[in-house]
Amino acid sequence: TTHRLLWFSSSSSSSAAPPVSASIPLASITHIFSPKKSIKSIFTYHRIRFQVTATDSRSVVIKVVVRGKVDWDGFLGNVWDCWRGRAWESDGSVRMVGVAGILRKEQKMWETTEKSLQNAFQDLNALMVITISFFFSLFSFNSKVNAASKQ
């Protein structure tokens with residue numbers, strides 16, 4: 001759920017219809033069209049078009065119109081970066097937000113610590129086995145030297 005485009009509509013074309021909401025996983029976006037830059041685009045709503053592959057393998061072009069004062073260039077830059085970098089496949093390089101992000105980060109830290117401890121104890125166990133075998137070899141050698149010196 002961290003790599004989706006979400007939008008909500010507060011009104012629809014008919015007054016009787018309920019508000020509309022939708023989401024699109026970034027993995028289903030196959031192409032993002034560059035926004036048109038012109039003098040007219042400064043005074044109109046922000047628009048973005050992208051091509052999406054639907055679940056039945058059909059390709060659909062969706063146009064999203066954004067109203068209001070938003071950091072459009074920042075938003076578009078973040079979408080481009082996540083989409084180009086295939087952020088949904090990464091191992092956490094994308095910023096994690098909210099309580100779920102904090103919990104996920106904490107869990108990763110615990111897993112890393114646990115793995116480090118397991119490796120340390122495996123190394124310690126291997127060292128103990130070598131030490132014990134060395135001790136028995138030394139004890140055997142010492143008893144042979146003592147037996148040879150008594151004769």
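Tutor: pLDDT is the predictor's confidence in each residue, from 0 to 100. Keep that in mind, since this is a predicted model.

Student: Which elements have the lowest and the highest mean pLDDT?

Tutor: Strand β1 (residues 4–8) has the lowest, at 64, and helix α3 (residues 98–150) has the highest, at 88. Across the protein the average is 77, with 74% of the residues scoring at least 70. Where pLDDT is low, the predicted coordinates should not be read in detail.

Student: What pattern does the protein follow along the sequence?

Tutor: Going along the sequence, you get β-β-β-α-β-β-α-α. That's three helices and five strands.

Student: What makes β3 and β4 count as a pair?

Tutor: Two strands pair if there are at least two bridges between them. β3 and β4 (residues 46–53) have three, in the antiparallel sense, so they meet the cut-off. Within this pairing, H31 sits opposite Q51 of β4.

Student: And how do you know that β4 and β5 pair?

Tutor: Same test: at least two bridges are needed, and β4 and β5 have eight, again antiparallel, so they pair too. One of the partnerships is H46 with V66 in β5. The two strands form a hairpin with five residues between them, and S57 in that turn has a positive phi of about 65°.

Student: Why are β3 and β5 called edge strands?

Tutor: The open sheet has three strands in the order β3-β4-β5, with antiparallel pairing. β3 (29–32) and β5 (59–66) each pair on one side only, and that is what earns them the name. From one strand to the next, the twist averages 30°.

Student: What makes S28 buried?

Tutor: Buried means under 20% relative accessible area. S28 has 17%, so it is buried. Its place is in the loop between β2 (21–25) and β3. Leaving aside neighbours within four places in sequence, S28 touches Q51, V52 and T53.

Student: Is K69 buried or exposed, then?

Tutor: The cut-off for exposed is over 50%. K69 has a relative accessible area of 88%, so exposed it is. You'll find K69 in the loop between β5 and α2. K69 and Y45 are 24 residues apart in sequence, yet 9.5 Å apart in space, C-alpha to C-alpha.

Student: How do you know what span to expect for α2?

Tutor: Multiply 1.5 Å by one less than the number of residues. α2 (residues 72–84) has 13 residues, and its reach of 18 Å from the first C-alpha to the last is close to the 18 Å expected.

Student: Which residues of α2 are buried?

Tutor: They are W72, L76, V79, W80 and W83. They cover an arc of only 100° around the axis, which means they sit on the same side of α2. The face turned away from that buried side carries the exposed N78 and D81. Have a look just after the helix as well: R86 takes a positive phi of about 50°.

Student: Which strands does α2 lie across?

Tutor: β3, β4 and β5, and α2 runs at about 135° to β3.

Student: How many of the 151 residues count as buried?

Tutor: As a share, 13% of the 151 residues do. As for the contacts with a separation of 6 or more, residues 24 or more positions apart account for 30%.

How values were computed: Residues are numbered from 1 along each chain as its sequence is written. This is a predicted model: local features need pLDDT of at least 70, side-chain atom pairs count only at pLDDT 80 or more; totals for chains, interfaces and linings use all residues. Side-chain values use heavy atoms; hydrogens and water are left out. Helices (H or I, at least four residues) and strands (E, at least two) are DSSP runs, numbered from the N terminus. Buried means under 20% relative accessible area, exposed over 50%, partly exposed in between (1.4 Å probe, protein chains only). The arc is that of the directions from the helix axis to the C-beta atoms. Axes are lines fitted to C-alpha atoms, for helices over the stretch in contact, and angles run from 0 to 180 degrees between N-to-C directions. Contact means heavy atoms within 4.5 Å.
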